[in-house]
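Me: I'd like a close look at a single part of this protein. Please keep it brisk.

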Amino acid sequence: GNGDPIPDAMIEIWQADAEGAIAQEEGSLLRDGFTFTGWGRATVDNAGTYTFSTVEPGATGEGTARFIHLVLFARGLLNKLHTRVYLPEDAEALERDPLLASLPEERRRTLVAERLDDGSLKFDIWIQGRGEHADKETVFLQFPGIEYPRHG
């Protein structure tokens, strides 16, 4: 809420390949350096940073923007949190994407990564936003049939 990092969090990503196909490969934990599995896991360091090296995903369907599904595990959370990291380049696809279109404009931007000069993506995750950070709280997804505790 105050912008402090959570240094022992763990992040997983799940994504389509460059053509938008969902990988069906086994062996996500045992990497051979060549087979794309669509899955990765990283820990957050003491400064609150994490990194992944992967291909940029293709769109998974007609009218959807390219995204990476992100799952966050951290102390103090009773359940994992799900969100999406959208790639910023295709403004038209971002505008048409059904999930993004269901959100108010100011909340959509919490799901769109920033492209850096070196070509990498930057995506900050805010579990809470208070005071001057109120507009930064990341939108998290809830799935039908899964009960999540409510925070006060």
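What is the order of the four strands in the open sheet, and how do they pair? Take the sheet as the part to look at, then follow what packs and sits around it.

Reply: Bear in mind that this is a predicted model. The open sheet runs in the order β2-β1-β3-β4. Its pairing is antiparallel. β2 and β4 are the edge strands, and each of them pairs on one side only. From one strand to the next, the twist averages 25 degrees. As a general point, strands of a sheet pair through backbone hydrogen bonds, either parallel or antiparallel.

Look at β3 and β4 in detail. These two strands run antiparallel and are joined by six bridges. H69 stands opposite R84 in β4.

Next, the packing. The largest nonpolar core has twelve residues, including I11, I13, L70, L72, L81 and V85. β1, β3 (67–73) and β4 (81–86) are the elements that each give two or more residues to this core. β3 supplies the largest share, with three residues. There is also a second, separate core of nine residues, and F67, Y86, L94 and V139 are among them.

F123 belongs to the largest core too. Leaving aside neighbours within four places in sequence, F123 is in contact with L70 and V85. Both of those are also members of the largest core. The contacts of F123 further include R84, the residue that H69 stands opposite. Y50, T110 and T138 are also among its contacts.

Now the loop between β1 (10–15) and β2 (39–43). D17 lies there. D17 is buried, yet has no salt bridge. The nearest side chain of opposite charge is R66, and it is 11 Å away. A salt bridge needs a side-chain nitrogen within 4 Å of a carboxyl oxygen, so D17 and R66 do not form one. Beyond its sequence neighbours within four places, D17 is in contact with F36, V55, E56, P57 and G58.

E56 leads on to R115. R115 is in strand β5 (residues 114–115). With the same exclusion of neighbours within four places, R115 is in contact with E56, L87, P88, E89, S120 and L121. E56 therefore appears in the contacts of D17 and of R115, where contact means heavy atoms within 4.5 Å. R115 and E89 are 26 residues apart in sequence, but 8.3 Å apart in space, C-alpha to C-alpha.

Why is R115 classed as partly exposed? Its relative accessible area is 25%. Buried means under 20% and exposed means over 50%, so R115 falls in between. D17, by contrast, is buried.

Notes
Residues are numbered from 1 along each chain as its sequence is written. This is a predicted model: local features need pLDDT of at least 70, side-chain atom pairs count only at pLDDT 80 or more; totals for chains, interfaces and linings use all residues. Side-chain values use heavy atoms; hydrogens and water are left out. Buried means under 20% relative accessible area, exposed over 50%, partly exposed in between (1.4 Å probe, protein chains only). Lys and Arg count as positive and Asp and Glu as negative; His and the chain ends are not counted. A nonpolar core is a set of buried Ala, Val, Leu, Ile, Met, Phe, Trp, Tyr and Cys residues joined through side-chain atoms within 4.5 Å. Two strands pair if DSSP finds at least two bridges between them. Axes are lines fitted to C-alpha atoms, for helices over the stretch in contact, and angles run from 0 to 180 degrees between N-to-C directions.
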